[in-house]
Every structure is written in C-alpha cells, then in structure tokens.
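I set out to record what could be looked up in this structure, taking one topic per entry. The notes follow the order in which I consulted it.

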Amino acid sequence: LIAFLNTATTAAFVIHRPTRHTPLEPHRTTMNSHPGDPDAMPDDDKYLFDLNGYILIKNVLTPEEVLAANHAIDTRTDQFHERTNPTLRNASGGIGSPMYGTGPGRKDLAGVFDWGSVDSRVYKSVLAHPRLVPYFHELLGKGYRMDHLPFVIAQDKGGDGFSLHGGTIDCQSGEYNHVLAYTYAHGTMRNQLLGCSLILSDHKEGDGGFCVVPGSHKSNVKMPKGMVDGLTHREFIRQPVTQAGDVLLFSEGTVHGALAWKGDTQRRVCLYRFAPATCAYGRSYFGNEQGSGDGSGEREGGSEGGGGGSATAWPATFYDDLDDA
C-alpha cells in the first residue's frame, strides 16, 4: 500500500516565496495552521477543498528538487510523444475555444519511475511526501493507492489543452459518475479518484494550462451547451496561478480541463492519480514483459482476471528506493 512506502525523499521544508493570490484561489502556504494535530490536513484546507473541489499546496518541492526534476526531463526531450494527429487532440471546440491551441500538439512523457534512483527520486517522493500524506489520508483514507502511473505533460506556446471533463455528475451526459465521485458524509471526505499535479513550471495569470470549474464536484446537472469547450460561461472556468514546486490536488469529481498555453516558456507538470485502498479506476500498469531480454528485470504481480491468467510484470527499476510494502 502506498501509505506504507518508505520513501527516500529528503526532509521537506517550506521555502516561502512572495506570492499573490486572488480571493477565489484556494491555497495553503504552511501545514502548521491546524490547532490540534500538526500532521493532519488543516481545517481551513478541508473547508476550501469541500467548497471548491481542489486545493493548492505551496512549495512542496525545494528549488533544488524542482531543478532536479526538470533536469531529468531535459535529458529525455527526444522521448516526448506529441499529439500531432488531430484525432488525438483533447480539445475539440475549434479555433474559438480557449482550450484549442493554434501551435504544436500537447506532449506526453511516460516512465518517470523508470529513470533510475537519481532521476526518479523527486517523482517517487510524491507517493508518501510528508507534506502530502495528511491530505491523502483525509481525502482518500489510509492505505490509499496510486491508481495510474504518473507522466509528464508539456505544452509549448500555442499548444492545445483539454476540453472540460469529469464530474461527480458527468459534465456532458449528466449521468452519475460513481467511479469519479466526491462525497462528504458523517464528517468524512472521500474521492473515488484524486488528481495530483506536481507543478514543474510557473503558471501566471492568463498563461493557460490546468483549469477547473470550482464547486462542480457538487453539481447535480450536466453543463450547458458549449461550456465544455469554453464557448459559453467562460467566466466560471478558473485557471489557478501556480509556481514550480507547488502541488495541486483535485477531485476527479470536479470538472476540469486545460487551456491552450500562452506562456513564453514550456509548461510542465507531472500528473498522478490516487484512489482509496479498495477502489481501482486504472486496472493495471504493464503487460507481460517476461522474456523481453532488455535486462531490466521483472517482478510478477497478480494475474489479470478472466484473461488466461497471464501475470503482470513490473520492471525492477520501478522498485528502486521503495520497500516491499
């Protein structure tokens, strides 16, 4: 279970940088505002998450860790997969949509846990980071699990974004979306799937990138026509202002997407998703890689049900710096 992973992260201290926030932006600059348990999610943040469906945690990574994480990407830019095929674009509203870019396609980079003990260290630290564990416990419960393998998302200037999607009530169909749902009952918050965005570049006001409809995790009807592409009711779609080293947690029950990128420097985030211990949205991570002959080594997981019993093989490098838990 992720909650019992023995991470090799260094002690994480808050590096306060001058920031400016609008009254609508839920954020947290320190974890020490909780009057009772300093290892619990602060009460203010519980309210803000329940109100908005997302929370921004400032300065989770040190400047040195941000540099290390970006250096690991810089040495692998030739491995980016750009979405050049129009059918792979995640924004479909056309030129009039703020999500639809006019430049290069969005770029994806996978394998962040498979880069070795040095280059993967910062990325693995997120799994049980001391700044994040209280939030994971509150929002998912103890014993939370990583549901998807994380990957890097990059957008160059003009790069396309992602139409609005998700929602406890699916924003397009209006149907109850139990696999993504947010609930609050008997004093307990639960997210069937929690997005965790590790911010690796600054996102200034108007730059684009991640956007969200605050409070939509509690909506009971589908979105008005055109809103998923930002063509109507644009004023209710918010782009949080973030800095490299921040972490943005959002319920997948909150309607979200990404705006086309207008910044002069490349946008970079690493996206993780976590789930409660007994929930699984993503069913597996790897195919059967035994006998691949690549020398990476494997570990076997449980068999996939109903498919002839083939085992899921896990590259040994995935386990660098992690114990058997």
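Entry 1: Arg 106 and its surroundings. I began with Arg 106, which sits in the loop between β3 (81-82) and β4 (107-109). I note at the outset that the model is a predicted one. Is Arg 106 buried or exposed? I found Arg 106 to be buried, because its relative accessible area is 7% and the limit for buried is under 20%. I then looked for a partner and found Asp 108, whose side chain makes a polar contact of 3.0 Å with the side chain of Arg 106.

Entry 2: Lys 107. I next examined Lys 107, which is buried as well, with a relative accessible area of 17%. Which residue forms a salt bridge with Lys 107? I identified Asp 156, with the closest N and O atoms 2.7 Å apart. Lys 107 belongs to strand β4 and Asp 156 to the loop between β5 and β6, so this salt bridge ties together parts that lie 49 residues apart in sequence.

Entry 3: the salt bridges around Lys 46. I recorded 14 salt bridges in the structure. I followed one network of them, which links Asp 43, Lys 46 and Glu 138. Within this network, the side chains of Asp 43 and Lys 46 meet at 3.6 Å, N to O. These two residues are three residues apart in helix α1 (residues 43-52), which means that about one helical turn separates them. I checked their accessibility: Asp 43 is partly exposed at 38% relative accessible area, and Lys 46 is partly exposed at 23%. Lys 46 also forms a salt bridge with Glu 138, where the closest N and O atoms are 3.8 Å apart. Because Lys 46 lies in helix α1 and Glu 138 in helix α5, this pair ties together parts that are 92 residues apart in sequence. As a general remark, side chains of opposite charge can pair when their charged atoms come close.

Entry 4: the nonpolar core. How many residues does the largest nonpolar core have? I noted 42 residues, and those with the most contacts inside the core include Tyr 123, Phe 136 and Leu 198. Among the elements that give two or more residues to this core are β2 (54-57), α2 (63-74), α4 (121-125) and β13 (267-275). Helix α5 provides the largest share, five residues. I then took Tyr 123 by itself. Leaving aside neighbours within four places in sequence, Tyr 123 is in contact with residues including Ala 69, Ile 73, Trp 115, Leu 198 and Tyr 272.

Entry 5: an open sheet. I finally turned to an open sheet of three strands, in the order β6-β12-β10 and with antiparallel pairing. Which strands form its edges? I listed β6 (162-165) and β10 (209-212), each of which pairs on one side only. Neighbouring strands of this sheet are turned against each other by 30° on average, direction ignored. I looked further at β6 and β12 (residues 256-259), which pair in the antiparallel sense over two bridges. In β12, Ala 258 is the bridge partner of Phe 162.

How values were computed:
Residues numbered from 1 in each chain as written. Predicted model: local features only at pLDDT ≥ 70, side-chain atom pairs only at ≥ 80, totals over all residues. Heavy atoms only, no water. Pairing = 2+ DSSP bridges. Helix = DSSP H or I, 4+ residues; strand = E, 2+ residues; numbered from the N terminus. Axes fitted to C-alpha atoms, helices over the stretch in contact; angles between N-to-C directions. Buried < 20%, exposed > 50% of the residue type's maximum accessible area, 1.4 Å probe, protein only. Polar contact = N/O pair within 3.5 Å; in protein donor to acceptor, adjacent residues only side chain to side chain. Core = buried A, V, L, I, M, F, W, Y, C linked by side-chain atoms within 4.5 Å. Contact = heavy atoms within 4.5 Å. Salt bridge = Lys/Arg side-chain N within 4 Å of Asp/Glu carboxyl O.
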